[in-house]
Amino acid sequence: MTILKRFLFFGFLLAGISACDETTDNPIIPNVLVNEQINLTNIQYNSLRRDNGYVYLKSGVKGIILLHKTGDTYLAFERNCPYRPFDECAQVSMDPSGFFMADSCCQSVFDLNGFVTGGPSPYPLKQYSTSLTGNLLYINN
């Protein structure tokens, strides 16, 4: 019986430790206030009318990539690369193909959901909340 108790204790201990390691938040990128309102009928946001269309915004730490996935789904990502974010060149951009995002400084590559697909970054892109009400898109944290 004591062997079973020890097994269960160490099993729960390992499960708790591994759960702590699964965080995707990058503790290094500073938290700044983001509270944007975008009118999607404005001509400067014309590219957001098509799927996978994107624009750059001047909010966040080093800017935001605002991406229209499909339908009413919009994603907003911090452009500050999570790998060595204090490097001046650590800025993520959309690849000209429109199929992924990348930081040319460290060669980290991210899919259109912000997850790492290549390069040295241990973290996904920082994501901001989006909500759509009529033609107004709200981006905040």
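## Terms and basis

Two strands pair if DSSP finds at least two bridges between them. Strands themselves are DSSP runs (E, at least two residues), numbered from the N terminus.

The model is predicted: local features need pLDDT of at least 70, side-chain atom pairs count only at pLDDT 80 or more, and totals for chains, interfaces and linings use all residues. Residues are numbered from 1 along each chain as its sequence is written, and side-chain values use heavy atoms, with hydrogens and water left out.

## Strand E10 and its partners

Strand E10 covers residues 136–140. Strand E9 (residues 127–133) runs antiparallel to E10, joined by 5 bridges. In this pairing Thr133 has Leu136 of E10 as its bridge partner. E9 and E10 form a hairpin with 2 residues between them. Gly134 sits in that turn, with a positive phi of about 65°.

Strand E1 (residues 35–39) also pairs with E10, antiparallel and over 5 bridges. Here Ile38 is matched with Leu137 of E10.

## Two faces of E10

Side chains alternate along E10. Leu137 and Ile139 point to one face and are buried (under 20% relative accessible area, 1.4 Å probe, protein chains only). Leu136, Tyr138 and Asn140 point to the other face and are not buried.

## The E5-E6-E7-E8 sheet

Four strands form an open sheet in the order E5-E6-E7-E8, with antiparallel pairing. Strands E5 (93–94) and E8 (116–118) stand at the edges; each has a single partner strand, so one side of each lacks a neighbour in the sheet.

E8 pairs with strand E7 (residues 108–110) over 2 bridges, in the antiparallel sense. Phe110 has Val116 of E8 as its bridge partner.

Key. Buried means under 20% relative accessible area, exposed over 50%, partly exposed in between (1.4 Å probe, protein chains only).
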